[in-house]
Amino acid sequence: MAGRINDDDVKAVRDAVPIDSVVSEYLQLKNAGGGNLKGLCPFHDEKSPSFQVSPSKGLFHCFGCQEGGDTLAFVMKIDHLTFSETVERLAAKAGITLRYEEGGYNPSHQRGERIRLIEAHQAAAKFYVEQLDGPEAEIGRAFLAERGFDQAAAAHFGVGYSPAGWDHLTRYLRGKGFSDKELITSGLSQDGRRGPIDRFRGRLMWPISDTAGEIVGFGARKLRDDDNGPKYLNTPETPVYKKSQVLYGIDLAKKDIAKASRAVVVEGYTDVMACHLAGVTTAIATCGTAFGNDHIKILRRLLMDNGSARVIFTFDGDAAGQKAALRAFEDDQKFAAETYIAIAPDNMDPCDLRLVKGDDAVRDLVEPRTPLFEFALRQIVARYDLETPAGRAAALDEAAPVVAKIKTGSVQREVAVQLAGLVGILDQEYVVHRVHQLAQWARGRGGDTGRSGNNGGRQARPGARHQDVAPASVAPSGPALNLRSPAHRTERELLKLALQKPALVSPAFDAYGSDEFTAPPYAAVRECIAEAGGAEQGVAEPRDYLAAVLDATPHDSVRKLVTELAVEVFHGKSIDETYAGMQLVQVRLRAVDRRIADVNSSLARLGSQVAPDHLAAAQNEVWVLQQYAQALRSHGTDAL
């Protein structure tokens with residue numbers, strides 16, 4: 001059996017792979033101030049970036065959904081990996097050889113399923129590329145050449161060839177140590193009469209990578225007339241390949257998409273190749289399925305939904321392309337980006353356009369032409385006879401509900417006015433009122449209310465004023481955090497100092513008990529810091545300090561709060577010893593005042609029934625506490 005990974009090796013992996021480099025493989029990050037980065041959270045839908053990354057601390061935290069943790073936690077969450085799989089994957093990236101306790105190292109047994117499937121695809125991709133140079137693959141090379149792709153282009157995109165025999169790849173991968181079960185699970189092989197056989201045979205092969213650049217599947221193009229299969233055959237759904245969650249070319253295009261705030265959506269593998277070779281390096285394509293909600297999520301995280309972001313669709317002008325455009329418009333409102341459609345002259349796709357008219361024509365094609373909503377409405381309206389009142393009414397009946405789905409009121413009105421012009425209805429206000437009425441009816445039936453985020457518009461954003469009430473899931477017990485409370489705000493700042501700048505509060509902080517924090521979640525964080533060695537440990541071992549605090553958390557709710565506090569910006573303008581001293585004094589002073597109030601309240605309840613010796617002790621305690629409180633007010637941190 002596989003042993004556990006050596007703890008020192010886990011630490012080495014955590015330290016070796018910067019969290020910002022890992023996270024940026026999945027979403028665009030921008031400067032958030034204070035050394036932090038921000039982006040759109042990959043774990044929930046949001047309009048404004050509430051996801052923050054702290055490279056110096058190696059942590060991430062989302063202030064919207066409360067997900068947080070270190071590099072390992074991020075990869076585990078986003079790629080659905082086990083802890084061991086995550087460490088193995090990042091170790092491979094960093095070139096670290098892992099040691100396993102209780103049994104040494106045996107790759108075939110100790111690497112997780114996802115890692116093994118990815119490795120099988122990488123080996124298959126190499127095999128297919130090598131086969132493209134052989135005599136049998138002449139038909140594949142001719143196919144590429146006819147479409148304007150030379151050997152360098154094929155190599156750039158990793159295009160290969162699957163031999164026509166039954167089990168060439170299967171035998172090759174068996175020789176690499178992969179089991180029949182792994183080959184079937186990966187989708188590279190399928191069950192035959194006498195065992196596994198190759199799924200792809202006699203076809204041109206395109207590797208399909210995920211956002212992180214790992215090959216998760218293949219697209220295979222038919223080359224011969226005697227091939228009775230479909231024109232394009234893709235990898236089936238597997239543990240690593242979900243066709244609704246992958247975009248061909250995203251690994252090559254993601255950096256330019258983020259940099260240019262523009263994405264070009266085309267329909268096929270050769271169209272992506274043609275666009276990239278023509279200089280349109282933001283082109284991507286779906287893999288055998290319609291462009292849908294999961295694809296939008298991928299692009300939104302790269303585009304960051306800023307005001308200049310654009311998505312251009314290059315659907316064919318035929319009936320299927322028009323249908324695809326209308327389907328894309330259904331999801332248009334899930335983008336904050338402006339969406340356009342580009343259709344080449346004579347309805348040519350980008351690949352054909354490049355062959356006939358050259359690279360310049362492809363670059364010109366994807367310059368935004370027609371807004372997607374305008375194209376979609378024109379397609380609807382064109383089906384009716386607008387010369388008759390009945391035709392205009394029918395066109396409005398079909399188009400108005402589409403416009404009513406637009407969430408932004410000003411945009412909805414503007415498009416409704418344009419719809420009136422398209423249909424030929426002179427009374428624009430009638431059309432505007434009709435669309436508005438349909439939108440209200442949709443909301444009344446439980447449709448989307450148009451509020452951003454997934455929490456009714458109360459989404460927290462770091463840097464802005466905190467939400468009044470923190471999510472109840474953060475608190476392990478007791479009432480929810482009330483951040484209008486001066487006590488809670490000060491306690492929060494002090495914990496942030498202890499986690500982010502322990503040198504400013506050490507050693508005084510370590511003398512504070514968890515009972516000095518009135519919010520149960522904050523008391524739990526204080527206990528975790530104490531268990532990790534206190535703020536003093538953060539000064540002595542800054543690299544391991546936060547990891548130790550996280551390891552001390554009893555459950556996810558406290559762990560998420562620790563990551564939140566570890567990346568959240570401070571409220572003060574100058575974070576120095578003076579500011580830290582103010583937080584230390586205020587937390588201690590409020591704790592002293594509470595103790596005085598508790599003792600006086602107890603004496604008041606007991607009244608004349610209190611024993612004389614107990615009364616004297618209580619009065620003495622109150623006097624001492626009052627003197628201490630006065631010293632704190634007068635002398636600040638010198639009285640601690």
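Student: In what sense do strand S12 (residues 262–266) and S13 pair, parallel or antiparallel, and over how many bridges?
Tutor: Keep in mind that this is a predicted model. One pair to look at is valine 264, whose bridge partner in S13 is alanine 283. S12 and S13 run in the parallel sense, and the number of bridges is three.

Student: Which strands stand at the edges of the sheet that holds S12?
Tutor: Start with the strand order, S13-S12-S14-S15-S16, in an open sheet of five strands with mixed pairing. Each edge strand has a single partner strand, so one side of it is left without a neighbour in the sheet. The edge strands are S13 (283–285) and S16 (370–371).

Student: And in that sheet, which residue stands opposite tyrosine 340?
Tutor: Let's walk across the sheet. Strand S14 (residues 310–313) and strand S15 (residues 338–341) run parallel, joined by four bridges, and phenylalanine 313 stands opposite isoleucine 341 there. From S15 to S16 there are two bridges, and that pair is antiparallel. Across from tyrosine 340, in S16, you'll find proline 371.

Student: Moving to strand S4 (residues 59–62), are its faces covered or open, and which residues sit on each side?
Tutor: In a regular strand, side chains alternate between the two faces of the sheet. In S4, Leu59 and His61 are on one side, and every one of the four named residues is buried. Both faces are covered, and the residues on the other side are Phe60 and Cys62.

Student: What are the bridge partners of histidine 61 on either hand, in S3 and in S5?
Tutor: S4 pairs with strand S3 (residues 51–54) through four bridges, antiparallel. It also pairs with strand S5 (residues 68–70) in the antiparallel sense, over three bridges. Opposite histidine 61 stands glutamine 52, and in S5 its bridge partner is glycine 68.

Student: Which residue takes a positive phi in the hairpin of S4 and S5?
Tutor: Take the other hairpin for reference: S3 and S4 have four residues between them, and glycine 58 in that turn has a positive phi of about 70°. The hairpin of S4 and S5 has five residues between the strands. There, the residue with a positive phi, near 70°, is glutamine 66.

Student: How would you class the packing of H6 against H9, and what is the hand of the crossing?
Tutor: Helix H6 (residues 113–131) and helix H9 (residues 168–175) have axes 10 Å apart, at an angle of about 125°. That angle makes H6 oblique to H9. The crossing of H6 and H9 is right-handed.

Student: How do the residues of that H6 and H9 contact divide by type?
Tutor: On the H6 side are Ala120, Ala123, Ala124, Lys126, Phe127 and Tyr128. They meet His168, Leu169, Tyr172 and Leu173 in H9. The division is eight nonpolar, one polar and one charged.

Student: What about H21 and H25: how many charged residues are in their contact?
Tutor: The axes of helix H21 (residues 486–500) and helix H25 (residues 556–567) come within 8 Å and cross at roughly 80°, which makes H21 roughly perpendicular to H25. Arg492, Leu495, Lys496, Leu499 and Gln500 in H21 meet H25 residues including Leu561, Val562 and Glu564. Besides seven nonpolar and one polar, the number of charged residues is three.

Student: Stepping back, what share of the protein is buried?
Tutor: The protein holds 27 helices and 16 strands. Of its contacts with a separation of 6 or more, 66% come from residues 24 or more positions apart. Out of 640 residues, the buried share is 49%.

Conventions
Residues numbered from 1 in each chain as written. Heavy atoms only, no water. Buried < 20%, exposed > 50% of the residue type's maximum accessible area, 1.4 Å probe, protein only. Pairing = 2+ DSSP bridges. Axes fitted to C-alpha atoms, helices over the stretch in contact; angles between N-to-C directions. Parallel < 35°, antiparallel > 145°, perpendicular 65-115°, else oblique. Left-handed = near helix turned anticlockwise from the far one by under 90°. Contact = heavy atoms within 4.5 Å. Nonpolar A, V, L, I, M, F, W, Y, C, P; charged D, E, K, R; others polar.
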